[in-house]
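Please look through the structure shown here with the notes that follow. They go from a loop residue to a strand pair and then to a surface patch.

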Amino acid sequence: MEFKELIRHRRMVRRFNQRPVPTEIIDRIIDVGRRAPSAGFSQGLELLVLDQPETIAAFWELTNHPEFGWDPVDVAVGPTVLVLPLPDAGRYVERYSEPDKIEFGMTTEEAWPVRFWDVDAAMASMLMLLAAIDEGLGGWFFGIDHGERELLDRFGVPSDLRPIGILGFGYRAEDETPTGSWTKRARRPLADQIHRNSW
């Protein structure tokens, strides 16, 4: 698929066919994400992949908010693969403590004016969403507001790591139709967003 066509087709999918996605397809998608920019080539992105019915079920159970829980209908047509992008700040600090980077003075997390581990993880996530389309899949980036640490502990994720969000992948459901705010709100005109040479 041509790049412009890929971009035109990019949107969040929330209804998935429950057919399993072959591991090699997910691995190709992840490999594309690994090629995102990485400050100092720190390569500080870890990825937890949940692709078995029991681990997916555990995800929904552990992140189900007691007051604002997941809709069981939505869970039933949810993604068949979940990928948690987990940036490791320690790898960035370690890399920028090496001789060729130490002059930048970013040898502690607090010294970084921008948390590039989060930025790099976000760029990798975007590439994975695009790669999913190229593989004939739907993708969904979403967040959780309940049970994050319990979820991470359940899967043995080190205590200093937390995801920037959740990537859901799978085959689109046959009856899947566009949803979301973009279907009700107009895109801002390009000229309103560009401030060329001054505000």
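**Asparagine 17 and its surroundings**

Apart from neighbours within four places in sequence, asparagine 17 is in contact with Thr80, Tyr171, Arg172, Ala173 and Glu174. The model is a predicted one. Asparagine 17 sits in the loop that runs between α1 (3–9) and α2 (23–33). Two polar contacts of the asparagine 17 side chain can be followed in turn. One goes to the backbone nitrogen of arginine 19, at 2.7 Å. Another joins the side chain of asparagine 17 to the side chain of glutamate 174, at 2.9 Å; glutamate 174 is also among the contacts listed above for asparagine 17.

The next stop is a pair of strands. Strand β3 covers residues 138–142, and four of its five residues are buried. Its partner is strand β4, residues 166–170; the two pair in the antiparallel sense over five bridges. Within this pairing, tryptophan 140 has glycine 168 of β4 as its bridge partner. When inspecting such a pair, recall that side chains in a regular strand alternate between the two faces of the sheet.

The last stop is on the surface. Which residues make the nonpolar surface patch? Val114, Phe116, Val119 and Met123 do, and the patch measures about 280 Å². Phenylalanine 116 belongs to helix α6, which spans residues 116–134. The relative accessible area of phenylalanine 116 is 35%, so this residue counts as partly exposed. Patch residues must have over 30% relative accessible area, and phenylalanine 116 meets that cut-off because its value is 35%.

Definitions and conventions. Residues are numbered from 1 along each chain as its sequence is written. This is a predicted model: local features need pLDDT of at least 70, side-chain atom pairs count only at pLDDT 80 or more; totals for chains, interfaces and linings use all residues. Side-chain values use heavy atoms; hydrogens and water are left out. Buried means under 20% relative accessible area, exposed over 50%, partly exposed in between (1.4 Å probe, protein chains only). Two strands pair if DSSP finds at least two bridges between them. Patches are made of residues with over 30% relative accessible area and no salt bridge: like charges are joined within 9 Å, nonpolar side chains (Val, Leu, Ile, Met, Phe, Trp, Tyr) within 5 Å. Accessible areas come from the Shrake-Rupley method with a 1.4 Å probe; for residues, only the protein chains shown count as cover. A salt bridge is a side-chain nitrogen of Lys or Arg within 4 Å of a carboxyl oxygen of Asp or Glu. A polar contact is a pair of N or O atoms within 3.5 Å; within protein, one must be able to donate a hydrogen and the other to accept it, and residues adjacent in sequence count only if both atoms are side-chain atoms. Contact means heavy atoms within 4.5 Å.
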